[in-house]
Amino acid sequence: MRGRRLHRGVSARAHVHVGAGVGDHSAPGPERSAGDPERAPQDTSITVTDVDVTDRAALEAWIAAVHAEHGRIDVLIHNAVRMHGAADAEGMTVEQAQSAMRAGYDALVCSVRAVLPLMRSAGGGQIVAVGPGEGRMSGEGAAASCAAVKAAVEAYTEMLRSELAGSGSGIGVTLVRTDTAGNGFRMPRIADFLPSVSPEEAADAVVHAIRHRRPSVDVPGSLTLLHRGFKVAAAGVAKCEGLALRAIKKADANTYFLRAMSTIAPSVDRAAHRLTGGRVLVMPALLPSLMLTTTGSVSGRPRQVPLLCRPEADGSYLIVASNSGKPHHPAWSRNLLTTPQAAVTRFGRTVKVTATLLDGSERTAAWDHMVKFWPPYEGYARSSGRNLRIFRLVPA
């Protein structure tokens, strides 16, 4: 990009070259766009080239061609990404993790190495790395590839800025973090309430950061407070969870507490589930839980119930049909025996599952796991006088 005056409403002579493409074209990726050329100043040109940024030779050749055409490169903006859904660390293959890192991190390193000597010879320039906030915070089950790549990009950008500071090269480095709302990843639910940022707003923030040589900028500005608040809250939640668990263990023998929990929590969770589109439940504040949707064994209609759960490493969930210690099995367990196909909603994301009733040694092992994080199950078993059913819910 060439030019000095780079903010909206002011004419700026610029040649913008966009390298669109991150390799692995068979996998789904973000839409590729060079913006609206009709809204650009008349003396600004936009050229889009299909470049596989994971191919170092192709990337370096493209940068060299752009430099040869114009004689200089004033600004490098890196925003390449290749994500593979919201898979966690164990759910992602090694190949998927490597392809994400090649597009998001390796391409940044290669492009920076290619433009640094060109900018030094020209007496200056600006390097901008753009990425969402997943590298700084993530909720349970966050997209491992996004969190890892963005954290690596942020660390590399900060180190590059530190190395160039005071070198007299005239090269500035800026990190731009964009919003986390509405991107489909399993971020902390508070991110859902942040306003989404339009491409024009993001562009204005990038231009502002370039003109004022900002080391970093959050888009929107509220992300700064969100990042800090999340860091403080994460530490506080860890302490609260420990205190809550100790209180729950002591409440094992408190009949009134258990009766209140079994009566109040499900009703509140159902209401919260409806109001927030499945993003908020009360029980996850203390323990992992989900909203289970079964098919009524008599009515044939969908039936929802909030339940505690134990997320397993293979992506399945363990649930116990305790019915709060009542002598009869809960209706939802009968529904699963009749129709094992069901659905699970957690953090606003719904997946189809198949339920299996556990028995024998598998049930024994599952029971030991369940009572460790919810000791009242033992009290429920005693008061109910029955063998509590335990189901494993496996994503379809």
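# Strands, cores and aromatic pairs

Me: How many bridges join E10 to E13, and do the two strands run parallel or antiparallel?
Reply: Two strands pair if DSSP finds at least two bridges between them, and strands themselves are DSSP runs (E, at least two residues), as helices are (H or I, at least four), all numbered from the N terminus. Within this pairing, Val320 stands opposite Ile390 in E13. The count and direction for E10 and E13 are five bridges, antiparallel.

Me: What kind of model are we looking at?
Reply: Residues are numbered from 1 along each chain as its sequence is written, and side-chain values use heavy atoms, leaving out hydrogens and water. Local features need pLDDT of at least 70, side-chain atom pairs count only at pLDDT 80 or more, and totals for chains, interfaces and linings use all residues, the model being predicted.

Me: Which residue stands opposite Leu318, on the other strand that pairs with E10?
Reply: Happily, there is a second partner to look at. Two bridges join E9 (residues 310-311) to E10 in an antiparallel arrangement, and the two form a hairpin with five residues between them, where Gly315 in the turn has a positive phi of about 95°. The residue opposite Leu318 is Arg310.

Me: How many of the residues of E10 (residues 317-321) are buried?
Reply: Buried here means under 20% relative accessible area, exposed over 50%, and partly exposed in between (1.4 Å probe, protein chains only). In a regular strand the side chains alternate between the two faces of the sheet. In E10, Tyr317, Ile319 and Ala321 point one way, Leu318 and Val320 point the other way, and all are buried. The strand is mostly covered, and its count of buried residues is five of five.

Me: Which element gives the most to the largest nonpolar core?
Reply: A nonpolar core is a set of buried Ala, Val, Leu, Ile, Met, Phe, Trp, Tyr and Cys residues joined through side-chain atoms within 4.5 Å. The largest one has 29 residues, and Ile63, Val112, Ile127 and Leu160 have the most contacts inside it. At least two residues each come from helix H1 (56-70), helix H2 (94-122), strand E4 (125-132), helix H3 (144-164) and strand E5 (171-178). The top contributor, with 10 residues, is H2.

Me: How many residues are in the other core, apart from the one where Ile63 sits?
Reply: Take Ile63 as a starting point: leaving aside its neighbours within four places in sequence, Ile63 is in contact (heavy atoms within 4.5 Å) with Ile73, Ser111, Ala114, Val115 and Leu118. The other core lies apart and includes Val305, Leu307, Ala321 and Leu393; its size is 16 residues.

Me: Within what arc do the buried residues of H8 fall?
Reply: Helix H8 (residues 360-373) has Arg363, Ala366, Trp367, Met370, Val371 and Phe373 buried. They line one face of the helix, because seen down its axis they fall within an arc of 155°. The arc is taken from the directions from the helix axis to the C-beta atoms. On the other side Ser361 and Lys372 are exposed, and the arc of the buried set is 155°.

Me: Which backbone oxygen does the side chain of Arg386 reach at 2.6 Å?
Reply: Arg386 is found in the loop between helix H9 (376-384) and strand E13 (389-395), and at 11% relative accessibility Arg386 counts as buried. A polar contact is a pair of N or O atoms within 3.5 Å; within protein, one must be able to donate a hydrogen and the other to accept it, and residues adjacent in sequence count only if both atoms are side-chain atoms. One such partner, at 3.3 Å from a polar atom of the Arg386 side chain, is the backbone oxygen of His328. The backbone oxygen at 2.6 Å belongs to Ser322.

Me: Is the pair of Tyr105 and Tyr156 stacked or edge-to-face?
Reply: Rings of Phe, Tyr and Trp (its six-membered ring) pair if their centres lie within 6.5 Å; planes under 30 degrees apart count as stacked, over 60 as edge-to-face and the rest as tilted. The structure holds four aromatic pairs. For Tyr105 and Tyr156 the centres are 5.8 Å apart and the planes stand at 90°, so the pair is edge-to-face.

Me: How many residues apart are Trp332 and Phe391?
Reply: Before we get there, Tyr156 is buried, with a relative accessible area of 18%. Trp332 and Phe391 form a tilted pair, 5.9 Å centre to centre with 55° between the planes. Linking distant parts of the chain, Trp332 in helix H7 (residues 331-338) and Phe391 in strand E13 have a separation of 59 residues.
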